Amino acid sequence: MRIGVIGGGPGGLYFAALAKQLGPHHDITVWERNAADDTFGFGVVFSDETLGGIEHADAAIYRQMSAEFARWDDIDVHVEDEVVTSGGHGFAAMSRKRLLQILQQRCADLGVSVHFETEAPDVDELSATYDLVIAADGLNSAVRGRYAETFRPTLEVRDCKYMWLGTDKVFDAFKFYVRETPYGVMQIHGYPYDATGSTFIVEMNDAVWRAAGLDAGADRQFSPGESDEKSIDFVTDLFADVLDGHDVMANNSRWLSFTTIRNESWRHANVVLLGDAAHTAHFSIGSGTKLAMEDALALAACLHEHADAPSALDAYEEERRPVVLSTQRAAQASLEWFENLGQYTHQEPLQFGFNIMTRSRRVTYDNLKVRDPEFVQRVDAWFADHERRRGVAPGDVRPPMFQPFRLGELELVNRIIVSPMDMYRATDGMPNDFHLAHLGGKALGGAGLVMTEMVCVSDTGRISPGCTGIWTDEQAQEWRRVTEFVHAESAAKVGLQVGHSGRKGSTKLMWEGIDQPLDDGNWEVVAPSPLPYEPGVNQVPRELTRADLDEIKQQFVDATRRGDQAGFDLLELHCAHGYLLSSFISPVSNQRTDEYGGSLANRLRYPVDVFEAMRAVWPAHKPMTVRISATDWVDGGITVDDAVEIARALQAAGAAAIDVSSGQVTPDERPAFGRSFQTPFADAIRNRVGIPTIAVGVISSYDDVNSIVLAGRADLCALGRIHLYDPSWTLHAALDQDYDGPGVTWPLPWQSGRRKPQTGRSDGPKPRLQLIRDGDTGTRHDRWRPHQS
């Protein structure tokens with residue numbers, strides 16, 4: 001094949017070397033606009049996984065890289081004049097300039113033609129005259145711009161400002177310096193890259209950057225290679241104690257806003273994107289160089305494994321896209337964590353350290369226990385003492401999810417909630433044996449709190465004909481069967497969620513067609529504004545009058561009284577998912593011009609009125625919570641900043657906690673779905689407002705629950721589908737963690753099941769096959785000490 005490579009950075013050069021090594025007959029040419037010794041940036045970091053791939057792919061390149069590596073295991077978090085250290089992480093870094101030299105030499109040795117200080121021919125010309133064109137032309141890819149209609153890129157510019165710098169101070173570990181300044185919180189990411197220097201990245205939220213006056217030169221046009229010396233002087237003075245008299249080095253160093261790049265397609269005919277041209281991921285979880293070199297390895301391998309270029313390019317994108325998307329999700333979580341750094345600085349240093357270690361959700365509680373068990377033991381002990389000091393736990397060390405919690409005067413034995421889940425099994429709103437078995441079984445399974453589905457306040461407030469209600473005394477009496485069973489047979493508490501379907505009512509059962517209108521038997525639906533949930537599909541709702549609002553508020557009050565009579569321990573008001581009260585809050589569904597529409601305060605007026613009326617008749621010793629949608633996932637809808645204000649208003653009205661969900665307000669939503677995807681909203685509300693939160697949304701492992709609770713992202717976790725899969729999930733989570741204590745209660749008839757059953761020969765005793773046993777080496781805390789290399 002005749003292959004042209006646009007861009008002689010690490011990704012382009014590494015691809016050229018690997019492809020030439022696998023196919024010496026290939027004619028490969030690389031064009032690089034900069035000189036051979038030009039480079040922007042200082043050091044690059046690699047994971048052990050990536051290094052394993054490099055070693056296998058080209059031992060010659062790996063040997064040369066390995067000889068240059070700065071290696072270490074520790075991460076130091078400098079916060080509040082303390083240093084929190086976690087080990088066992090395994091880093092390898094090197095000078096970016098030296099990496100380029102190694103790759104350039106390898107290309108020369110293999111016969112790859114590399115042209116420096118040379119613009120590549122026009123990409124259309126290359127596409128016509130070469131079999132394959134690799135666009136490794138970086139963040140500002142001209143090739144991506146040329147074929148934008150095919151690649152369909154999105155460029156998301158984020159809220160933090162950062163600047164790449166270097167210093168001749170050689171750090172001995174990965175460093176996070178978090179600094180409270182008169183302007184707000186700033187941070188440094190630092191790591192060594194060889195025996196002579198370290199990368200030194202300063203980052204801050206855009207508002208802090210402006211408050212510090214660093215935006216003064218924002219409109220200045222810098223010459224190529226020129227750095228922002230005025231800002232560098234500011235940073236040098238501010239972090240003089242960190243630098244300790246060492247020099248700061250600049251290299252095209254200016255303030256940047258990180259841009260996350262995504263492309264719907266990575267190829268156009270025989271042109272394919274690689275590295276930053278195809279995708280970017282925030283530097284806080286690794287270098288773009290690492291991703292680009294992984295791309296290069298996969299693309300070279302696919303070309304070798306397939307008979308033609310189109311098949312190879314399809315295989316390359318199919319292989320790499322899921323990996324990149326996973327990395328971008330983790331990077332997005334990390335990026336957003338740093339954007340909101342100021343909401344965590346009140347945390348005590350150990351919790352803050354655990355929080356920063358687990359920010360991306362790739363490193364978790366269990367993962368840290370493997371890397372550095374002593375660190376996790378320290379954080380567990382801190383958390384037990386912290387909860388004792390807060391008066392919600394006795395102080396004994398146990399897995400965080402099994403620490404008790406108190407909502408007002410309601411004591412929960414652990415942090416697990418069975419999330420509200422509509423069952424669609426009622427007739428005329430009446431709960432029945434199915435609901436008793438469903439909720440009773442979940443209570444026996446060990447959760448601290450079991451929640452009903454959304455129980456409707458009227459027959460016309462139902463979502464579907466199968467929804468339960470509490471608009472009659474007979475319904476309340478049937479619910480009492482459930483609460484009495486839960487209280488008699490388990491340690492769980494049981495909560496009632498009440499709501500009104502609003503414009504999303506009169507629809508089919510879930511398995512018949514979710515949100516689809518009934519074929520017959522429709523009832524009139526109502527809403528703040530006459531806007532159907534899905535135009536052309538759902539009913540146009542009737543706009544509520546003041547008399548309607550008063551009537552529905554009374555229905556909520558009546559449901560509250562019946563809920564108390566039924567024996568529920570907790571009451572939750574459903575203000576989420578586009579149902580009636582949620583549709584008042586969202587500007588997507590509320591276009592009223594009276595006192596219940598317009599500003600957020602006005603849109604909140606009716607839901608808060610309803611809450612306060614319910615709170616007035618609900619017993620003072622029993623807590624009330626509210627479920628909200630923290631974002632609508634559409635432009636012009638509710639945002640997380642709005643959700644913070646919503647939580648403040650509900651806290652002032654007497655809410656004991658906020659159950660933080662999202663979306664389902666409009667079918668036009670585009671949620672960023674993934675593991676624990678709604679937890680950042682619970683995190684923001686908890687740490688900005690100071691109210692307990694319940695995290696919900698694709699939380700399905702005890703590892704995630706422990707991570708969320710210990711990091712202070714939420715106080716409780718509501719899990720839904722996992723309890724359908726395993727009604728005894730909490731009991732089994734205790735077994736898996738070797739926990740047997742007051743945070744989990746096995747029903748007496750189930751006591752004999754407290755040990756995991758054997759599953760086969762692998763569970764039997766093992767013969768001794770080592771003459772000398774391997775010792776426990778403990779956590780690795782190696783630090784970079786160049787004189788030992």
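Of the 789 residues of the chain, 58% count as buried, where buried means under 20% relative accessible area, exposed over 50%, and partly exposed in between (1.4 Å probe, protein chains only). This is a predicted model, so to speak only of what it can carry, local features need pLDDT of at least 70 and side-chain atom pairs count only at pLDDT 80 or more, while totals for chains, interfaces and linings use all residues. Residues are numbered from 1 along each chain as its sequence is written, and side-chain values use heavy atoms, with hydrogens and water left out.

As for the overall build, the chain has 26 helices and 29 strands; helices (H or I, at least four residues) and strands (E, at least two) are DSSP runs, numbered from the N terminus. The C-alpha trace spans about 85 × 65 × 60 Å along its principal axes. A compact globule of 789 residues would have a radius of gyration near 28 Å, and the 29 Å of the chain agrees with that; the radius is taken over C-alpha atoms, and the globule rule is 2.2 Å times the number of residues to the power 0.38. Contacts (heavy atoms within 4.5 Å) reach well along the sequence: among those between residues at least 6 apart, 72% join residues at least 24 apart.

Next comes a small piece of sheet. Strands β3, β7 and β4 form an open sheet of 3 strands in that order, with antiparallel pairing; two strands pair if DSSP finds at least two bridges between them. The edges are β3 (43–46) and β4 (70–72), each of which pairs on one side only. From one strand to the next, the twist averages 25°. Between β3 and β7 (residues 91–95), the antiparallel pairing runs over 4 bridges, and G43 stands opposite S95 in β7.

Two helices lie across these strands. Helix α2 (residues 48–57) lies across β3, β4 and β7, and runs at about 90° to β3. Helix α4 (residues 96–110) lies across β3 and β7, at about 80° to β7. For these angles, axes are lines fitted to C-alpha atoms, for helices over the stretch in contact, and angles run from 0 to 180 degrees between N-to-C directions.

Helix α9 (residues 229–238) has a clear inside and outside. S231, I232 and V235 are buried there. Seen down the axis of α9, the buried residues fall within an arc of 100°, so they line one face of the helix; the arc is that of the directions from the helix axis to the C-beta atoms. These buried residues pack against β10 (153–167), β13 (198–205) and β14 (248–249). On the face turned away from the buried side, α9 carries the exposed residues K230 and D237.

On to charged side chains. A search of the whole structure finds 54 salt bridges, a salt bridge being a side-chain nitrogen of Lys or Arg within 4 Å of a carboxyl oxygen of Asp or Glu. One of them joins the side chains of D385 and R388 (2.7 Å, N to O). Both residues lie in helix α15 (residues 373–389), 3 residues apart, about one turn of the helix. D385 is partly exposed, with a relative accessible area of 29%, and R388 is partly exposed as well, at 42%.

Helix α15 also holds E387, which counts as buried at 1% relative accessibility. Leaving aside residues up to four places away in sequence, E387 touches V392, A393 and R415. E387 and R406 are 19 residues apart in sequence and 10 Å apart in space, C-alpha to C-alpha. R406 in turn forms a salt bridge with E411, where the closest N and O atoms are 2.8 Å apart. R406 is partly exposed at a relative accessible area of 31%, and E411 counts as partly exposed at 46%.

Further along the chain, the side chains of R754 and D740 meet in a salt bridge (2.3 Å, N to O). The pair links distant parts of the chain, with R754 and D740 each in the segment after α26 (729–736), 14 residues apart. R754 is partly exposed, with a relative accessible area of 28%, whereas D740 counts as exposed at 54% relative accessibility. Elsewhere, salt bridges that share partners join D74, D76, D172, K175 and R783 into one network.
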